[in-house]
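Colleague: I'd like a close look at one helix in this model, and at the charged residue inside it. Could you take me through that part and then work outwards to the hairpins and the charge pairs?

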Amino acid sequence: MKFTKMQGLGNDFILVNCLNEQLAGDFEAFARRLCDRHYGIGADGLILILPSETADIRMRIFNSDGSEPEMCGNGIRCFARFVYEGDIVKKQTMRVETLAGVIIPEVILEGDHVVSVRVDMGEPRLERNVIPMTGPAGKVVNEPLVVDETTYKITCVSMGNPHCITFVSDVEEVPIGVIGPKMENHQVFPRRTNVEFIQVLNRNEVNMRVWERGAGETLACGTGACATGVACILNDLTDRTVTVHLAGGDLLIEWAENNHVNMTGPAEYVFRGETV
Ligand code: ZDP
């Protein structure tokens with residue numbers, strides 16, 4: 001099987017063009033095996049390129065633990081560059097079918113070369129049962145969540161996939177490897193959650209660290225950065241355009257007046273290969 005390894009801000013993916021490759025069966029086990037950093041290729045996720053009946057093309061993503069999230073922000077930028085430069089979808093603005101609905105990336109070009117990708121990530125979903133979270137109806141903004149006898153003030157946003165955001169004074173001090181998995185698997189999140197810790201620097205800049213559902217701490221998370229932009233505005237901590245600084249680099253997030261969240265960032269090739 002031929003594959004391409006790509007990364008967006010150090011969030012790394014194995015892309016397989018299923019228009020050419022016949023993949024049989026158990027994608028979950030396949031993702032776990034290929035994403036393993038010692039016995040496999042190594043990646044945070046596996047991305048499949050598939051035909052679509054409702055959009056230009058379809059993306060499926062699997063986390064390194066085999067679970068299938070609804071969407072992936074860093075992944076869809078890599079996906080868009082791959083299908084554009086590979087002449088699979090030669091449209092600067094394309095419609096991509098995902099489990100979070102149709103997402104619309106726009107490749108930013110210099111000549112015929114993609115230098116970055118801007119994605120219309122759609123509307124954030126704020127209703128508690130849609131995140132999904134257990135409990136009464138309404139939004140979850142600055143609400144207490146008790147983990148191991150410590151109370152965190154959380155704001156929850158779905159960008160198709162669930163995110164639980166906590167504002168802190170210094171992201172470097174957060175023991176994310178301890179708290180992350182506890183929040184991820186907390187009983188209020190029936191489909192688990194991604195976990196973000198945010199330090200607000202000013203009205204247009206924040207630092208973020210992320211513990212990803214099904215992948216652990218990663219260098220970046222696109223949907224998480226989008227959810228963070230929305231959470232900052234819901235708590236009146238920033239303006240509507242925010243640069244999110246992540247361990248892997250920066251993403252520009254804008255919660256536009258039409259209620260859509262736009263994300264702009266890089267997508268890079270690492271290598272192409274063939275499994276044996
Ligand atoms: O929702 C989840 O289970 C995430 N781990 C999916 C991957 C999200 C990602 N980090 C992103 O950039 O949005 C790839």
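Modeller: Here is a walk through that helix, followed by two hairpins and some salt bridges. Keep in mind that this is a predicted model.

Let's start with helix α2, residues 73–85. At 1.5 Å a residue, its 13 residues should span 18 Å, and the end C-alpha atoms are 19 Å apart, so the length agrees with what you'd expect. The helix is mostly covered, with 12 of the 13 residues buried. Among them are G73, N74, I76, F79 and F82, and Y84 is on that list too. Just after α2, D87 takes a positive phi of about 60 degrees.

The charged residue you're probably after is R77, which sits in α2. R77 is buried yet has no salt bridge. How far away is the nearest side chain of opposite charge? That side chain is E268, at 8.7 Å, and a salt bridge needs the nitrogen and oxygen within 4 Å. What R77 does have is a polar contact of 2.9 Å with the side chain of N74. Helix geometry is worth recalling here: with 3.6 residues a turn, residues three or four places apart point the same way. Setting aside neighbours within four places in sequence, R77 is also in contact with G8 and L9, with V117 and V119, and with L251, M263, G265, P266 and A267.

Now the hairpins. Strand β8 (residues 143–147) runs antiparallel to β9 (residues 150–158), and five bridges join them. One of the pairings puts V146 opposite T151 in β9. Two residues lie between these strands, and in this hairpin D148 takes a positive phi near 50 degrees. On to the next one: β9 also pairs with β10 (residues 162–167), again antiparallel and over five bridges. Here V157 has H163 in β10 as its bridge partner. The hairpin of β9 and β10 has three residues between the strands, and G160 takes a positive phi near 95 degrees.

R77 goes without a salt bridge, but the structure as a whole holds 21 of them. Take D12 and R37, whose side chains meet at 2.8 Å, N to O. This pair links distant parts of the chain, with D12 in strand β2 and R37 in the loop between α1 and β3, 25 residues apart. D12 counts as buried because its relative accessibility is 9%, while R37, at 47%, is partly exposed.

Another pair is D112 with K90, where the closest N and O atoms are 3.5 Å apart. D112 lies in the loop between β6 and β7 and K90 in the loop between α2 and β5, so the pair ties together parts that are 22 residues apart in sequence. That brings us back to the stretch between our helix and β5. D112 is partly exposed at 48% relative accessible area, and K90 counts as partly exposed at 40%.

A further pair is D236 with R203, with closest N and O atoms 3.1 Å apart. D236 is in the loop between α4 and β14 and R203 in the loop between β11 and β12, 33 residues apart, so to speak a link between distant parts of the chain. At 54% relative accessibility D236 counts as exposed, whereas R203 is partly exposed at 35%. Finally, K5, D12, R37 and D44 are joined into one network by salt bridges that share partners.

Note on methods
Residues are numbered from 1 along each chain as its sequence is written. This is a predicted model: local features need pLDDT of at least 70, side-chain atom pairs count only at pLDDT 80 or more; totals for chains, interfaces and linings use all residues. Side-chain values use heavy atoms; hydrogens and water are left out. Helices (H or I, at least four residues) and strands (E, at least two) are DSSP runs, numbered from the N terminus. The expected span of a helix is 1.5 Å times one less than its number of residues. Buried means under 20% relative accessible area, exposed over 50%, partly exposed in between (1.4 Å probe, protein chains only). Lys and Arg count as positive and Asp and Glu as negative; His and the chain ends are not counted. A polar contact is a pair of N or O atoms within 3.5 Å; within protein, one must be able to donate a hydrogen and the other to accept it, and residues adjacent in sequence count only if both atoms are side-chain atoms. Contact means heavy atoms within 4.5 Å. Two strands pair if DSSP finds at least two bridges between them.
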